[in-house]
Amino acid sequence: MKTMKQLNIAVAVVVTVLIGMLGSSEAQLQMNFYAKSCPNAEKIISDHIQNHIHNGPSLAAPLIRMHFHDCFVRGCDGSVLINSTSGNAERDAPPNLTLRGFGFVERIKALLEKVCPKTVSCADIIALTARDAVVATGGPSWSVPTGRRDGRISNLKEATNNIPPPTSNFTTLQRLFKNQGLNLKDLVLLSGAHTIGVSHCSSMNTRLYNFSTTVKQDPSLDSQYAANLKANKCKSLNDNSTILEMDPGSSRSFDLSYYRLVLKRRGLFQSDSALTTNSATLKVINDLVNGSEKKFFKAFAKSMEKMGRVKVKTGSAGVIRTRCSVAGS
């Protein structure tokens, strides 16, 4: 018969194995992962952003959007950065055609490769860059544990099917976020990133000119706001290039203005308006608007940390690409 000590050891081993199976990827992400292998990695990234973000303050929004789009396809593995000669990579998908910041990330990668070859992943660079860029523009900070490894598969169809388009209704948003382990509160908070940055008429023209077979203009869009957009910005259904602020008048400030506009039916996208069609998400918005900016920053940070852990590759999974745009590097 086994002794009590032997039984306790056996139970401990089983529990350890189960924990490893259930949360191995999260367990292997850690703060300051590169402390020994590349001790200046995070400083190199933050310094590069501090030195360049003021020349292009509008870059913060594309970088956080890039992080979001990366994590929603095969997890946060840097696959959104991969170029494809056949035009079949994630960055060729409709939701990513207006993404910016690829060259910025690649330049940071080159700096890191000079100091610490084959050490820092492109996936971690995206995650750290998104955070540091938002902080540089006066937005919230959040913890970014590192240790992600890169994927080598990047597929247009997967990006199209998994990244929530701006035309999403509530059901679509809920499903796509749930697929990533994100709840309705995360949906509202992560949508709050629309408080900075710009989009294009192509992302919302149908709301103005071709909403449905029976209604030309989206009835959930404030009529005065719609009239202003038609007169001064998106003057036709075919306008695909005119730039629009997602949070007019406050598009460079990370604040609660976006949510106030959503409640006034002046959210730019159909997906913004969709947040008010569910009682749970509407309550979250009202709680945020009636609360402090500090409270919003804290909640936003928590959801960003959660998103940054979505289906990450760690340990023996994935690789460290030496060039972020090249799958086989």
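A charge sits over a ring if NZ of Lys or CZ of Arg is within 6 Å of the ring centre and within 35 degrees of the ring normal. The exercises below use this predicted model.

**Exercise 1.** Which residue lies over the face of Phe-102, and at what distance from the ring centre?

Solution. Step 1: look at the ring of Phe-102; the residue over its face is Arg-91. Step 2: read the distance to the ring centre, which is 3.7 Å. Step 3: compare this with the cut-off, which asks for a distance within 6 Å. Step 4: look for a residue that touches both partners. Leu-81 has Arg-91 and Phe-102 among its contacts, together with others including Met-66, Val-105 and Ile-126.

**Exercise 2.** Find where His-69 lies, and decide whether it is buried or exposed.

Solution. Step 1: the UniProt record, an unreviewed entry, lists His-69 as "active site". Step 2: locate His-69 in helix H3, which covers residues 60–71. Step 3: take its relative accessible area, 5%. Buried means under 20%, so His-69 is buried. Step 4: list its contacts, leaving aside neighbours within four places in sequence. They are Glu-90, Pro-95, Asn-96, Leu-99 and Ile-163.

**Exercise 3.** Classify the ring pair of Trp-142 and Phe-300, then the pair of Phe-254 and Phe-296.

Solution. Step 1: the structure has 12 aromatic pairs. Step 2: for Trp-142 and Phe-300, the centres are 5.9 Å apart and the planes stand at 75 degrees. Planes over 60 degrees apart count as edge-to-face, and this pair is edge-to-face. Step 3: place the two residues. Trp-142 is in the loop between helix H5 and helix H6, while Phe-300 is in helix H14, so the pair ties together parts 158 residues apart in sequence. Step 4: check burial. Trp-142 is buried at 5% relative accessibility, and Phe-300 is buried at 0%.

Step 5: turn to Phe-254 and Phe-296. Their ring centres are 5.9 Å apart and their planes are at 20 degrees, so this pair is stacked. Phe-254 belongs to the loop between strand S2 and helix H11, and Phe-296 to helix H14, so the pair joins parts 42 residues apart in sequence. Both residues are buried. Step 6: put the pairs together. Ring pairs link Trp-142, Phe-254, Phe-296 and Phe-300 into a cluster that also includes Tyr-258, Tyr-259 and Phe-297.

**Exercise 4.** Where does the largest nonpolar core lie with respect to domain 1 and domain 2?

Solution. Step 1: this core has 74 residues, and Leu-81, Tyr-259 and Phe-296 touch the most other members. Step 2: helix H5 gives the most to the core, with 9 residues. Step 3: domain 1 (40–162) and domain 2 (170–307) both give residues, so the core lies between them. Step 4: note that another core lies apart from it, with 12 residues, among them Leu-221 and Met-246.

**Exercise 5.** What is notable about the phi of Lys-118, and is the residue buried or exposed?

Solution. Step 1: most residues other than glycine have a negative phi. Step 2: Lys-118 is not a glycine, yet its phi is positive, at about 55 degrees. Step 3: place Lys-118 in the loop between helix H4 and H5. Step 4: its relative accessible area is 61%, so Lys-118 is exposed. Step 5: add a second case. Asn-32 also has a positive phi, near 55 degrees, and is found in the loop between helix H1 and helix H2.

Definitions and conventions:
Residues are numbered from 1 along each chain as its sequence is written. This is a predicted model: local features need pLDDT of at least 70, side-chain atom pairs count only at pLDDT 80 or more; totals for chains, interfaces and linings use all residues. Side-chain values use heavy atoms; hydrogens and water are left out. UniProt positions are given in the numbering used here, feature names are shortened, and annotations may be inferred rather than shown by experiment. Helices (H or I, at least four residues) and strands (E, at least two) are DSSP runs, numbered from the N terminus. Buried means under 20% relative accessible area, exposed over 50%, partly exposed in between (1.4 Å probe, protein chains only). Contact means heavy atoms within 4.5 Å. Rings of Phe, Tyr and Trp (its six-membered ring) pair if their centres lie within 6.5 Å; planes under 30 degrees apart count as stacked, over 60 as edge-to-face and the rest as tilted. A nonpolar core is a set of buried Ala, Val, Leu, Ile, Met, Phe, Trp, Tyr and Cys residues joined through side-chain atoms within 4.5 Å. Domain bounds come from an automatic or database domain assignment.
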